Amino acid sequence: MSKMEVKTSLLDNMIGVGDSVLLEPLTEDSFLENLRKRFDHNEIYTYIGSVVISLNPYKHLPIYTAEKVEEYRNRNFYELSPHIYALADEAYRSLRDQDKDQCILITGESGAGKTEASKLVMSYVAAVCGKGQEVNKVKEQLLQSNPVLEAFGNAKTVRNDNSSRFGKYMDIEFDFKGDPIGGVISNYLLEKSRVVKQPRGERNFHVFYQLLSGASEDTLKKLKLDRDFSQYNYLSLDSATVNGLDDAANFRTVRNAMQIVGFMEDEVQSVLELVAAVLKLGNIEFKPESRVNGFDESRVKDKNDLKEMCELLGIEQSVLERAFSYRTVEAKMEKVSTTLNVAQAYYARDALAKNLYSRLFSWLVNRINESIKAQTKHRKKVMGVLDIYGFEIFEDNSFEQFIINYCNEKLQQIFIELTLREEQEEYIREGIEWTNIEYFNNAIICDLIENNQNGILAMLDEECLRPGTVTDETFLDKLNTICAEHQHFESRQSKNSKFLTDHSLPHNCFRIQHYAGKVLYRVEGFVDKNNDLLYRDLSQAMYKANHSLMKQLFPEGNPAKINLKRPPTAGFQFRVSVSTLMKNLQTKNPNYIRCIKPNDKKAPHIFTDTLVCHQVHYLGLMENVRVRRAGYAFRQPYEPCLERYKMLCKQTWPHWRGPAREGVEVLLTDLQVAQEEYSYGRSKIFIRNPRTLFFLEEKRRQCLQDLATLIQKIYRGWKSRTHFLLLKKSQVVVAAWYRRYAQQRKYQKIKSSTVVIQSFIRGWKARKILRELKYQKRCEEAVTTIAAYWHGTQARRELKRLKEVARRKHAVAVIWAYWLGLKVRREYRKFFRANAGRKIYDFTIQRLMQKYFLGLKNTVPSMSPIDKTWSNRPYQFLDGAHTELRRMFHLWRCKKYRSQFTEEKKAIYEEKLEASEIFKDKKALYPSSVSQSFKGDYLEINKNPKYQKLNSVVEEKILLADFVNKINRANGKGAPRIFLLTKNNFVLADQKTGQIKACVPLPDLSSVSVSTQVDGFFALKLKEGTASAAKGDFLLSSDHLIEIITKLHRTGAPAANRDQLNIDISDEFLVQFKQDKVCVKFIQGGPKNGSSAACKRKNNRLLEVCVPSP
């Protein structure tokens, strides 16, 4: 489709048929051909009424962009081409505008794209709902719960590289505005048998491979693991790596998702320890050891893996080793201990591994629910998304497939009931006569499985609880006895009793005729998998572990709460869960997405008819189309119907002024459509046969062609006429402009000629005046020159005379000076002897030193002790004196500087020195505090009358008084407080009233925690067990953090009789708030609304402080 082309209806530019209800003729072949045709053109979505069929394309399609979201937003369901966004938008708008709770049921076999469909629905709802910090946080947590659950609940199978091995139902909760406020996740039937054994070509759960591939060497060392997959018995090696699946990158994604959802770092570590323990558990092997009574007893072969597993779980090795060798059976007041042979020990090991992993998965779901649950208690709107196994028919079907297919039978039952009910309600609402529709009711199959007396699950539970020898064969015999006459149950024995021979039915199997077809179940393993027993010794051993999660995962291991009652079976638990799910779904308005896998090769552009036909059968899609077509195949409101087809009738085209229904009646009457082909509802027109709709569409197409021709004709005429008028107007404008231009040219020529003539005349006059002025000037200059020459001659004669007189006087002075010099030399020559050189030397040295000291006087540096400048040494012989003078001057000015200090100033410098020892090179805020003096009393509490009452209550001398903010755990916001420090206590008081909120003795203060960054946050941690610690620690922020903690350090140690107060400088520390510990984490990346640090609450156990970059 070109960029300019826009689809305005489901029927426009259709590839195949967008809604299968409109197929004509309706056969299985035409249904499959329609799906194939649309799939070949990358149209992977098709409707059956309001049901969406989705084919997995096995490639990325550009149909999930932000532009597509806006295209389908607030649009009618049938207004655009089929898309999963249309269903999601319809469900969301019904929930938001009509206050109807919704559920979206996504079904299909493994690899059909159920998980991706659920992600698309959630991402669409997240994109179209409201915005805001809290709303975005909830949306992000809901979306990030998927990677966590996929890592622990998905695995690679032969059909799908990311197959969900559990059923998931998520209730997304909205407020009255339609904004998400939380959610609740329910999980069903995790395939825990995969933990200990995987079929060929398949893998264990993703998290095992992600942990070994993506964890750091330090993490693996702590978990006592090796990267080599072959080291672990529970990991299959033939499919350890999957093309297109980056386990290392996915591990980082899961860690990040867990942090966003709200997992604490210690919780993540605990989860990884349990995953590592499962891997170690699989490596424990046993050997037989003969006893005196002739029976074999199991013993652990190599105890290294057992030891490492016990270290991970914090359990004594001997306790777990005994639990693998002995089993204690309690009956009333008696205890009987029996030994386990090797086979039983391996069974106990695998049972423990399966239970440990499945309970860890349930704990993860509960922990996610705790983080994403809605905080408000007001009534909430709910949208449920169900992503569960599709119907499964394998070559070897066991207990898991039986349970899954039972769940799909229940979903099919509720699907038919709700679909028929929706049809009937619409007919009644529109006043159309309802006719009963015949369809296959699978209630008889559900009753065969879930009947409380004669149902298969009830008989399986009864067989598991029966005393005596219980095997899968006895269970099959019981089925043959009770269910042999049931029309949907078959077995070899029931066939033989009817003298029928069916060699396709083995002796140890039974067959059930499901709504999707016959399924053969192998009875082997039914009893064991339904029992799902975990020996009590192992439960009690796990409960004794010191690991933080083990007591939550194995509560039945508590010796004080021993329950001799047999735990409910797996079948019973699943039946109860399915019953609860069905009741939940019946209270909501259903929306269906049926996912189909086009081929088994996981390749694009391949459509396998037999495979798709098989899925169409067991999804009941043909049955769904027939139910939808049983009454009227197509219905549409009167307004869009009239708008679409009004051009087919002259009376309704181009505008119909009356009611839309009357317009439709006029339209159909004019087109001579048979009366039995349609019916009028209160707000919709109902068309019985698709042929009628296609007749209307064909007429509309022909009419649109005629209208297009007419529009083209009118447009071409308008365009030519407009062009002619434009040319005419242009000619007039051009002529006017040319005439104007010609007149301007003529005027410019006349003007330029006039200017030339004027310039010549002015030039002639100017030259004439110039000649006269020059002659006059030459006459004046001649007189001046003659006078100047005369004056010069007179001056030179006088100068010559004066020079002669001066020469004569100078000659007399020179002769006299020479004569006096001669007399002096003759007089003093007798005084010069041999010591004249020494005297000259001493005189020179003395003169140089005098010059040095006089120069030093002018270059002496300032009196500041930190000024290190000093003048350069002028002569080498003064080197020693120069250095000594510099030292003496520095000592003298230091003494002068110290003599100016008062006792108070000395104390301040001592505090500054102590602050340097505590914070220098440790906290980024310290350098900016060096230049600030420690004032102490910033509130002037002794002078301020506002705090007179507070000053009278505090009897001791106040060392420090300042405003601080006390951080609230609930929202991370600060409340202003007055902070007072005395010799023995620190006090927090209300800023407005001055009322004391807390008074804590300094001996009760155990430590102080601050970050390494430029923020002012600090935590005062109190000693556990003291009266002051009842309400928990204090998390405060101040603009004078360095001074407060320095004074606490100086005062707190003497008051508590200890060497020094412990100060912890770290970017992540724990603070005790009443009974809970909250992690305070500092990250760089300043807040949006300012340059100061901001604290916000991420979840119940994490406060995050955003600090601007220095």
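Me: What makes a stretch of residues a helix here?

Reply: A helix is a DSSP run of H or I covering at least four residues, and helices are numbered from the N terminus. In this predicted model, Arg767 lies in helix 26, which spans residues 690–828.

Me: Why is Arg767 called partly exposed?

Reply: The relative accessible area of Arg767 is 48%. Buried requires under 20% and exposed requires over 50%; the value of 48% falls in between, so Arg767 is classed as partly exposed.

Me: How far is Arg767 from Pro555 in space, and how many residues apart are they along the chain?

Reply: Their C-alpha atoms are separated by 125 Å, and the two residues are 212 residues apart in the chain.

Me: How do you know which residues make the contact between domain 1 (402–531) and domain 2 (634–688)?

Reply: Contact means heavy atoms within 4.5 Å; eight residues from domain 1 and eight residues from domain 2 take part.

Me: What is the area buried between these two domains, and which residues of domain 1 lose the most?

Reply: About 640 Å² is buried between domain 1 and domain 2, with carbon and sulfur atoms giving 41% of that area. On the side of domain 1, Glu426, Glu430 and Ile432 lose the most area to domain 2, together 72% of what that side buries.

Me: What classes of residue does domain 1 present to domain 2, and how many salt bridges cross the interface?

Reply: The side of domain 1 that touches domain 2 has four charged, three nonpolar and one polar residue. A salt bridge needs a side-chain nitrogen of Lys or Arg within 4 Å of a carboxyl oxygen of Asp or Glu, and the rule finds zero across this interface.

Notes
Residues are numbered from 1 along each chain as its sequence is written. This is a predicted model: local features need pLDDT of at least 70, side-chain atom pairs count only at pLDDT 80 or more; totals for chains, interfaces and linings use all residues. Side-chain values use heavy atoms; hydrogens and water are left out. Buried area is the accessible area (1.4 Å probe) that two parts lose on being put together, summed over both. Ala, Val, Leu, Ile, Met, Phe, Trp, Tyr, Cys and Pro count as nonpolar, Asp, Glu, Lys and Arg as charged, and the others, Gly among them, as polar. Helices (H or I, at least four residues) and strands (E, at least two) are DSSP runs, numbered from the N terminus. Buried means under 20% relative accessible area, exposed over 50%, partly exposed in between (1.4 Å probe, protein chains only).
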